[in-house]
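Work through the exercises below with the model open. Each task is followed by a solution in steps.

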Amino acid sequence: GLYNIELNLNQDGTCLLIKLFDLTKIACYGEWGAKDNSIEIKCNRNPELDDTTKALQGGCYIDDTLQVKVVNKNKLKIGNTILKRKSKI
């Protein structure tokens, strides 16, 4: 299936991580911090999800700490997925 990850890191230390897989959308609102050669994302700001939303997401919402490896200034890596920087509009 089609798999897409979007990560927005804001200057105020908040972030938005969106994973799209086919018709499933998983979002994480959290906070991020740089550490060594990685970025740590804490998904601790998710609003309480209602049962319908959980059912639609198949229980795949994110409430965890993720390590994002910094490959270079234009590339990040989450697991085996490489994220490329998009220029701001």
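**Exercise 1. Loop residues and backbone torsion**

Task: Place Asp36 in the chain of this predicted model, and state whether Asp36 is buried or exposed.

Solution.
- Step 1. Look between strand 3 and strand 4 (38–42): Asp36 sits in that loop.
- Step 2. Take the relative accessible area of Asp36, which is 80%. The cut-off for exposed is over 50%, so Asp36 is exposed.
- Step 3. Check the backbone. Phi of Asp36 is near 50 degrees, a positive value in a residue other than glycine.
- Step 4. Set this against the general rule: most residues other than glycine have a negative phi.

Task: Find where Asp22 lies and give its phi.

Solution.
- Step 1. Asp22 belongs to the loop that joins strand 2 (14–21) to strand 3 (24–35).
- Step 2. Its phi is near 50 degrees, and Asp22 is not a glycine.

**Exercise 2. The fold in outline**

Task: State how many helices and strands the chain has, and write their order along the sequence.

Solution.
- Step 1. Count the elements: one helix and seven strands.
- Step 2. Read along the sequence. The pattern is β-β-β-β-α-β-β-β.
- Step 3. Add the burial figure: 27% of the 89 residues count as buried.
- Step 4. Turn to the surface. The chain exposes about 6700 Å², and carbon and sulfur atoms supply 50% of that area.
- Step 5. Take the contacts with a separation of 6 or more. Residues 24 or more positions apart account for 29% of them.

**Exercise 3. Cysteines**

Task: Determine which cysteines form a disulfide, and explain why Cys15 is not bonded to Cys28.

Solution.
- Step 1. Recall the chemistry: a disulfide is a covalent bond between the sulfur atoms of two cysteines.
- Step 2. Compute the sulfur distance for Cys28 and Cys43. The result is 2.0 Å, and the two form a disulfide. The count for the model is one disulfide.
- Step 3. Locate the partners. Cys28 is in strand 3 and Cys43 is in the loop between strand 4 and helix 1 (51–57), so the bond ties together parts that are 15 residues apart in sequence.
- Step 4. Find the handedness. The torsion about the S-S bond of Cys28 and Cys43 is about -95 degrees, so this disulfide is left-handed.
- Step 5. Check burial. Cys28 has 0% relative accessibility and counts as buried. Cys43 is buried too, at 4%.
- Step 6. Test Cys15. The closest cysteine sulfur is that of Cys28, at 5.3 Å, which is too far for a bond. The cut-off is 2.5 Å.
- Step 7. Cys15 counts as buried, with a relative accessibility of 4%.

**Exercise 4. Charged pairs**

Task: List the salt bridges of Glu40 and say which residues share a network.

Solution.
- Step 1. Start from the principle: side chains of opposite charge can pair when their charged atoms come close.
- Step 2. Pair Glu40 with Lys35. The N to O distance is 3.4 Å, and the side chains form a salt bridge.
- Step 3. Pair Glu40 with Lys42. Here the N to O distance is 3.2 Å, again a salt bridge.
- Step 4. Join the pairs. Lys35, Glu40 and Lys42 form one network through shared partners.
- Step 5. Check the total: the model has two salt bridges.
- Step 6. Compare accessibility. Glu40 is buried at 17%. Lys35 is partly exposed at 42%, and Lys42 is partly exposed at 37%.

**Exercise 5. Core and contacts**

Task: Name the residues with the most contacts inside the largest nonpolar core, then trace the contacts of Val68 and Ser38.

Solution.
- Step 1. Size the core: 13 residues. Those with the most contacts inside it are Leu7, Leu17, Ile41, Val68, Leu76, Ile78 and Leu83.
- Step 2. Assign the sources. Strand 1 (3–9), strand 2, strand 4, strand 5 (65–72) and strand 6 (75–78) each supply at least two residues of this core.
- Step 3. Follow Val68. Leaving out residues up to four places away in sequence, Val68 touches Asn37, Ser38, Ile39, Ile41, Leu76, Lys77 and Ile78.
- Step 4. Move to Ser38, in strand 4. Ser38 counts as buried, at 16% relative accessibility.
- Step 5. List the partners of Ser38 with that same exclusion: Gly33, Gln67, Val68, Lys69 and Val70.
- Step 6. Take one pair from that list. Ser38 and Gln67 are 29 residues apart along the chain, and their C-alpha atoms are separated by 6.6 Å.

Note on methods:
Residues numbered from 1 in each chain as written. Predicted model: local features only at pLDDT ≥ 70, side-chain atom pairs only at ≥ 80, totals over all residues. Heavy atoms only, no water. Helix = DSSP H or I, 4+ residues; strand = E, 2+ residues; numbered from the N terminus. Buried < 20%, exposed > 50% of the residue type's maximum accessible area, 1.4 Å probe, protein only. Contact = heavy atoms within 4.5 Å. Areas by Shrake-Rupley, 256 points an atom, 1.4 Å probe, with all protein chains shown as cover. Salt bridge = Lys/Arg side-chain N within 4 Å of Asp/Glu carboxyl O. Core = buried A, V, L, I, M, F, W, Y, C linked by side-chain atoms within 4.5 Å.
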